[in-house]
Amino acid sequence: MNQNFSQPFVSRALTSWVSKFLTIAFHFTAEEAVYLLELLAFFLVFEIFYQVGVCIKGKQFGVISSVLLILSIPWFAFLPRYMPLYFLYDTYALLANVIFLYFLQRGKFVPFVIFFSFATLNRETSLIFVFIYFLVHFQSLGNYKLLKRIGLLLLIWVSIKILLKFLFSMKGGEVYQDQYWSNIEFFLSMTYEIKNPIFFEPYYRFSFLIFPILFLIPLFWKQNVSMLPLRIRKTLPIGLVILLIFLYTANIYEYRIFTEFLPIFILPISMIVVQTIKYGESLELG
């Protein structure tokens, strides 16, 4: 809350400001403020994601997709791993993604813009939702109208980043970090095995390299993708965009950084699971 660290971390300022307000206004301790905000965020994540599921396919689907999200988050965010860091802004980045998905489903642009501003104050990864908005509305919204909206979102994002850079100019550091070389070393593994012998324990190799493949493999089957609504199908390429951005600007082995984007992939995976179960039931009845 004292923001006693360098950029880019200090510029993820929203939760620090809100926590500090709670300590001043309600005399909370720092721990109480953080735990309250964490509890509130996760409650809203699951409630809003349930509403997203209801909007798409009804209450049953809302329950199934929410349960799958609940089961997936601990694997990415909480299991023991190298650099076991936990940041409040990670949780609110997850909440922002769920809110964005809700307003995308409802077709509400003005609330989307408002929450986009808050999300950018929280973390710079809000930029990825500009790409998602473009993918979802490409060829379904007029070109001029779409370009105006994308331009507005980009202007907001750049303006907020410049403001944060100015506010924390005395803190040092950079707006983003070049991590491509350390990520290359991670995949080559030799340097990390020497420096961090615990780093490549079997469970970590499995969790990082195998689990995401098993988790996402249904999305690579043509028959599965064909059953998805067009709007959901349009969001699938964003996984490659996320990976490419993180390969350059993030420590790819910090598994938690992928947590905020889980809702984007839980929705199509839940649809595939539901359709597969229904297909199996129909075969039994037949």
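This is a guided tour of a predicted model, stop by stop, with a residue to select at each one.

**Stop 1: D90 and its arginine partners**

Start by selecting D90 and showing its side chain. D90 sits in helix α4, which covers residues 88-106. Now add R123. These two form a salt bridge, and their closest N and O atoms are 2.5 Å apart. R123 belongs to the loop between α5 and α6, so this pair ties together parts that are 33 residues apart in sequence. Are D90 and R123 buried or exposed? Both of them are buried.

Keep D90 on screen and bring in R256. Here is another salt bridge, with 2.6 Å between the closest N and O atoms of D90 and R256. R256 lies in the loop between α13 (238-249) and α14 (262-285), so the pair joins D90 in helix α4 to a part of the chain 166 residues away in sequence. R256 is buried, as D90 is.

Finally, add E260 to the selection. Together, D90, R123, R256 and E260 make up a network of linked salt bridges.

**Stop 2: E124 and R12**

How many salt bridges does a search of the whole structure find? The search finds four. For one that brings in R12, select R12 and E124. Their side chains meet in a salt bridge, 2.5 Å from N to O. The two residues come from distant parts of the chain, 112 residues apart: R12 is in the segment before α1 (14-25), while E124 is in the loop between α5 (109-122) and α6 (128-137). Both ends of this bridge are in buried residues, E124 and R12 alike. As background, side chains of opposite charge can pair when their charged atoms come close.

**Stop 3: S19 and its contacts**

Move along to helix α1, where you will find S19. With a relative accessibility of 2%, S19 counts as buried, because the cut-off for that class is under 20%. Which residues does S19 touch, leaving aside its neighbours within four places in sequence? Select M1, A33, V34, L37 and L88 to see these contacts of S19.

**Stop 4: two phenylalanine pairs**

Next, colour the aromatic rings. The count for the structure comes to 13 aromatic pairs. One of them is F21 with F26, an edge-to-face pair with 6.3 Å from centre to centre and 85° between the planes. F21 counts as exposed at 51% relative accessibility, whereas F26, at 48%, counts as partly exposed. The cut-off for exposed is over 50%, which is why F21 and F26 get separate labels.

Then go to F134 and F138. Their ring centres are 5.4 Å apart and the planes meet at 35°, so this pair is tilted. F134 is partly exposed, with a relative accessible area of 33%, and F138 is partly exposed too, at 37%.

**Stop 5: an aromatic cluster with a charge over one ring**

Select F100, F109, F112, F116, F129 and Y133 together; they form one aromatic cluster. Leave F109 highlighted and add R149. The charged end of R149 sits over the F109 ring, 4.5 Å from the ring centre.

**Stop 6: two backbone angles to check**

Select H27, in the loop between α1 and α2 (30-57). What is notable about phi at H27? H27 has a positive phi of about 60°, although the residue is not a glycine. H27 counts as exposed at 69% relative accessibility.

Q139 makes a good companion view, in the loop between α6 and α7 (143-167). Phi of Q139 is near 70°, again a positive value in a residue other than glycine. Q139 is exposed, with a relative accessible area of 67%.

**Last stop: P237 and I132**

End with P237, in the loop between α12 (230-235) and α13. P237 is partly exposed, at a relative accessible area of 43%. Now add I132 and draw a distance between the C-alpha atoms. P237 and I132 are 9.0 Å apart in space, with their positions 105 residues apart in the sequence numbering.

Conventions. Residues are numbered from 1 along each chain as its sequence is written. This is a predicted model: local features need pLDDT of at least 70, side-chain atom pairs count only at pLDDT 80 or more; totals for chains, interfaces and linings use all residues. Side-chain values use heavy atoms; hydrogens and water are left out. Helices (H or I, at least four residues) and strands (E, at least two) are DSSP runs, numbered from the N terminus. Buried means under 20% relative accessible area, exposed over 50%, partly exposed in between (1.4 Å probe, protein chains only). Rings of Phe, Tyr and Trp (its six-membered ring) pair if their centres lie within 6.5 Å; planes under 30 degrees apart count as stacked, over 60 as edge-to-face and the rest as tilted. A charge sits over a ring if NZ of Lys or CZ of Arg is within 6 Å of the ring centre and within 35 degrees of the ring normal. Contact means heavy atoms within 4.5 Å.
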